[in-house]
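Let's take a walk through this structure together, from the overall fold down to a few side chains. Have a look at the picture before reading on.

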Amino acid sequence: MSVVDRLRSIGPGAMVAAAFIGPGTVTTASVTGARFGYALVWTIGFSVLATIILQEMSARLGLVSRAGLGEALRRQFDSDVAKWAS
């Protein structure tokens, strides 16, 4: 099987994921998966659940306050550190 055939069998999804996520993340995830197998698969479920909750809360905040998360934090906290961090 040639290199071109192998890339075609992978499909564009893996290439897009590698470009979007970054080569460091893909490498780290691959090495961790090879080392631990399915022992850490629970972290994927936790990450997906946490992301869904955060996105839902951010969407509600945006609909109610007509401001993004950074703008809402700047309005809530008056310190210079909070304004710089957001």
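A quick definition before we start: helices here are DSSP runs of H or I with at least four residues, and strands are E runs of at least two, numbered from the N terminus. With that in hand, the chain reads α-α-α-α-α-α along the sequence, which comes to six helices and zero strands. Keep in mind that you're looking at a predicted model.

How far can you trust it? The average pLDDT of the chain is 81, and 90% of the residues score at least 70. Confidence peaks in helix α4, with a mean of 90, and bottoms out in helix α6 (residues 80-85), with a mean of 65. Where pLDDT is low, the predicted coordinates shouldn't be read in detail.

Now for the surface. Of the chain's 86 residues, 6% count as buried. The accessible surface adds up to about 7400 Å², and carbon and sulfur atoms account for 68% of that.

Let's zoom in on α4, which covers residues 41-65. Does its length add up, or not? At 1.5 Å a residue, its 25 residues should span 36 Å, and the end C-alpha atoms are 37 Å apart, so the two agree. Just past the end of α4, R66 takes a positive phi of about 55 degrees.

UniProt has something to say about this stretch too: an unreviewed entry lists residues 12-30 and 36-54 under "transmembrane region". In the model, residues 36-54 are 79% helix and 0% strand, with end C-alpha atoms 28 Å apart.

Which residues make a nonpolar patch on the surface? They are Y38, V41, I44, V48 and I52, and the patch they make is about 560 Å². V41, which sits in α4, has a relative accessible area of 44%, so it's partly exposed. That is over the 30% a residue needs to be part of a patch.

Further along α4 there's a charged pair to find. The side chains of E56 and R60 meet in a salt bridge, 2.0 Å from N to O. Both residues lie in α4, four residues apart, which is about one turn of the helix. Are these two partners buried or exposed? E56 is partly exposed, because its relative accessible area is 34%, while R60 counts as exposed at 56% relative accessibility. With a cut-off of 4 Å between the side-chain nitrogen and the carboxyl oxygen, the count comes to one salt bridge.

Technical notes
Residues are numbered from 1 along each chain as its sequence is written. This is a predicted model: local features need pLDDT of at least 70, side-chain atom pairs count only at pLDDT 80 or more; totals for chains, interfaces and linings use all residues. Side-chain values use heavy atoms; hydrogens and water are left out. Patches are made of residues with over 30% relative accessible area and no salt bridge: like charges are joined within 9 Å, nonpolar side chains (Val, Leu, Ile, Met, Phe, Trp, Tyr) within 5 Å. Accessible areas come from the Shrake-Rupley method with a 1.4 Å probe; for residues, only the protein chains shown count as cover. Buried means under 20% relative accessible area, exposed over 50%, partly exposed in between (1.4 Å probe, protein chains only). UniProt positions are given in the numbering used here, feature names are shortened, and annotations may be inferred rather than shown by experiment. pLDDT is the predictor's confidence in each residue, from 0 to 100. The expected span of a helix is 1.5 Å times one less than its number of residues.
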